[in-house]
Amino acid sequence: MMEIIVLMLLVAGATAGDTGGRPPVIKEHPGSVVARRNDPATLNCAASGAARIQWFREGREVATSPLDSRSHRVLLPSGSLFFLRVIASKKDADAGTYWCVASNSHGETRSRNATLTVASLAYDFQRQAGPSVRIRVGDPLVLPCRPPRGTPTPEVHWLREGHLVSNASRVSVSDEGDLVFSRTVEGDAATYVCRARNAAGVRESSPTHLTVMTPPWFEERPSNVTSASGVVVELACRARGSPAPTVTWRRLDGKMPLGRATIQEEKLVLDGVVAGDSGTYVCEVENEAGVAAARASLTVVDAPQLTQRSQDLQVMAGQATQVMCRVEGQPPPTVLWRLPTVDRAALLSPGQTSGHATVSADGRTLLLQQASAEDSGTYHCWAVSSGGGVSGRAEVLVVSGHPPPVMGVGPRDLTLTRGSQASFPCEAVSEGAEADLAWWHRPSPSHPPRRLSQGAAHPRLSLPANGALIIKDVRDEDAGIYTCHVTAASGTVQQQAVLRVSKDAPRQPASQPLLPAPPSKPRLVAVNETAVQLSWMPNSQVSGDSNQWYKVEYWREGWEEWRVAHAVVTSERCVVTRLTPGQTYTFLVRAVSSRGASFPSPWSDPVTTRPPPDPSLTLEQLRHIRRRLSRPVLTLTSAAVSAPDSVQLVWDFLAPTEESVEGVLVYAVDDLGAVQVATVLGTSSSTHLLDDLRPNTPYMFFVVPFWHSVEGTPSNSRSLTTPEDVPEAAPGDVRLSQRRDGSVLIQWSAVGEREARGRLVGYQVTLNHNGSHTTQTVTTPWLESRGLLPGQLYTVRVAALTAAGTGPLSDPVLLDVGRAGAHGFPDADGDANGGEEEEEGGGSLLYAPPQPAWLVYLLIPLVVLLCLATLLYVGRLRHKAPPSNPPHAPALYQDPSIYPDHPSVNMYSEHKLWRPTDSDKDSSLSSTRLLPADQTANEYAEPRLQRTSQVTTEPYATTALLSDDPLRQRQDARWPHQGTDDSGVHVNWVAFLPPPPACPPPLDLDQGDPASSSGPLQAPRGVHSATSQYDNMAGSSERYERPCGNDTQHTYEAYTQVVTPLDGVLTFNTLQTRGSRRVRAHCSSARPPEPERSNTQ
């Protein structure tokens, strides 16, 4: 074994030493190497069978160590060339092309070339971007970068804030090393660095700061402002951009109010604005990327001011008057008139009329036509605008009449002698209407008066213009009673004087005594519910007698004469008490002395006492509340739409108002003057949602504070238009008509403007067919539909459209599209005469939901099957033999004492038997039928038995068909009537006719009727239990007991028979039928009643 191992080793050694006569084989070729200067480097080379390996550079052998001890190049045992340090200098450089050569005794082998490159990299970039670059957003951008020179060529990368920039669709690095932005965005702003790298090292460019400039844009635009004068107004303007923009304010239509205008944090602040500051202001923002501007309008409004307050007025009933309310303001306010009613929605807008009140077009005048007492009260003039509100009030008193005339100086009694002259003064005052004066004379109270006139018939009489009566040459017949009668439209007044003629009459003074001068017109000092305080001045022409006093008279509406309020008043001031609240009074004053009463003073102005006060308020509280509410106490801050029919209002109180404000009235007035008002109690709530408004309608909103019945000054107003809504009504009167060409014309009535609740943009027409539908939208109230399938059913529905959506659909209309000329469709080309004609309803028009066509085809065979089943069932009933002994007969028929076998005659003269059938047990049928007497089959129902103790007398009337021959009732022949068909099935008319009366009338109701004078229908009058004409018309029929006792009497109203018709059937007609008459019969006990008989015997 050992010998074998030794032999193998010898063979292997021989083989290894013998190349077989071949040159060496290069197993590892050198590869190119890049090395930095002074760094070691290795060029690998390995060969098999080589006795020697040599290195060559650029064709020259390389001196290596250890052959050259000074060389820095070392030949390694493996054959690789190792550089201790790479030299790159002008004298010697290691860079070049190298290859190795392996040789032996059989030859040599050369490797592939390898390059040794000495890496180098300069420090300065050939080109780079500047330290700062600015670019507009959206613009393209190229940041250049030419790296430093180097070997090998350095790789270029870009860094953004220290992070490598990768190529993307918008940002990339070019082959030359530039950073290219196809479109810059605001996020590209950053610091960028260009980096060059090779084996020699890394070089970075100077950082470049990129600023992406964005044009300025408004973060908050200035908005339009409406403000009252004297306040501070701020116009906001906030803008952003890159770089930050600068803000500049300017005014378009005027000069900026210098001294009062400042810019604070980009806002324009105007201090103490006035009406002249109204205009358009522009906020301009600018940076390097661009310029932007926004404008806003400033409207300085002044609260409305009353330039002419309304005055209290008094007007006669039936006359006209005007209430004025002059208001100025900017913008011009809207004037509303609050009528004197408890209805707080009683507001009149300009141009509106309510009752007798009409407001002028500008709203400044309220005209009362034909005023009545109901028009009296307090009229409020409300002027509202966006700047505020103001109110005025006027008391209007409508009186039904003026005070009647009052006698100023009346005649006095005179006693004169014959031949003397009599003078009777008469002066009356009538300020309300023109008065007529007349004199009347009566010789004695028993004589009638005679009117006196001036003329030839009475030459001694004289009637001067002052109203006096002068009689010259007085005679005995002149004695008597003289009456001065004053008549006016407002009333009458008269005063009498007696003239006596005597021989020894005392001598009359030559002149009348001087009466006191009348005082001045009474003036109102104070008034409350039951008292009025008056004052007046004495006349300057005071008589010589200083001992005088005053008498106060007054008149109230409804009185016929003046009455004395105070007979003696010693001063020029008086308080009239015990007056009625809410009534109107007129006063006058007379001066009185020992010589008499003066002429009356001018009448005072009408004075109305106050109505009964509110028990919850004292007079002082009422004055305080009116004074407090006469000034604005709240302002309406916003009105925002929350839904097409609702608006949210918000208001603020200007000061604490808990003591003077009980609540707030919220008003909404539309463009037509319709008023909607809501009451919000308390002051804790400052918002309210007004609903039930009309969509797409302009509204004006304002609020009014109130305390009990006192309403204050309205707030400023807010105006807006509610948004559109879907229509609330569907188009009506949908009409269809088909033409010859197969098209169908669909027409309908247009939706009204108010029902549309918005701008109508069109109509939507829906056609349904077998579950599928098509919808078409048109702008006209008609549609010509084409392409409908012939012989099919369609349903047509129409709805109105607005911008808010679709309204409700109309009622469905069924359209039967027939073939040409079918279903009565008219020809579109006209009739035979060539006239153009379209007929509505050419198809079937049914207001019902559509029915699928398959349902019609399904119902037809079902109906046929039902008819066949009915005929088979009827035929089976005709041939079915009833059982002789009914197994389930009711107990009523099983008791012979109650109801034995009773063949009876019904009202059709047929012998019938009422019995239950075998099917009663299993059948739920509730109807009844009649069987002939020879059949013993069971019936479906039991007879109705009435007890005499359970019925009461009641009126009864019916119409029944009766046989004229009672003998036919005992025969078995069937009586044909209208209820019998060819199959022999009889109709049970008893189920349709009412039952007989509880107490039917006697038999002989009409002695003159030949049909009731003989035969089995005749019976003596007054029988207690008798056969009625309603008792099935036969002696063997049932007899009904009437609840007629011995002491009772009943009156019946019956119908008589008419002439027997040709078919032999008698009828009892109603009283309205011609040929019948109404009779009355009395049922009373004429003899002892017969024993009671059962209706079954």
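Here are a few questions and answers about two sheets and a surface patch in this predicted model.

Local features need pLDDT of at least 70 and side-chain atom pairs count only at pLDDT 80 or more, while totals for chains, interfaces and linings use all residues. Residues are numbered from 1 along each chain as its sequence is written, and side-chain values use heavy atoms, with hydrogens and water left out.

User: In the open sheet with the order 68-69-72, which strands stand at the edges?
Analyst: Happy to help! Strands are DSSP runs (E, at least two residues) numbered from the N terminus, and two of them pair if DSSP finds at least two bridges between them. This sheet has antiparallel pairing. Each edge strand has a single partner, so one side of it is left without a neighbour in the sheet; these are strand 68 (732-738) and strand 72 (782-785).

User: What is the bridge partner of Arg735 in strand 69?
Analyst: Strand 68 and strand 69 (residues 744-749) pair in the antiparallel sense over five bridges. Opposite Arg735, the partner in strand 69 is Gln747.

User: Which residue of strand 20 does Leu143 stand opposite?
Analyst: Another open sheet of three strands, also antiparallel, has the order 14-20-19. Its edge strands are strand 14 (141-143) and strand 19 (171-173). Three bridges join strand 14 to strand 20 (residues 179-181). Across from Leu143 stands Leu179.

User: Which helix holds Ile860?
Analyst: Good one to finish on. A helix here is a DSSP run (H or I, at least four residues). With residues 853-879 as its span, the one containing Ile860 is helix 4.
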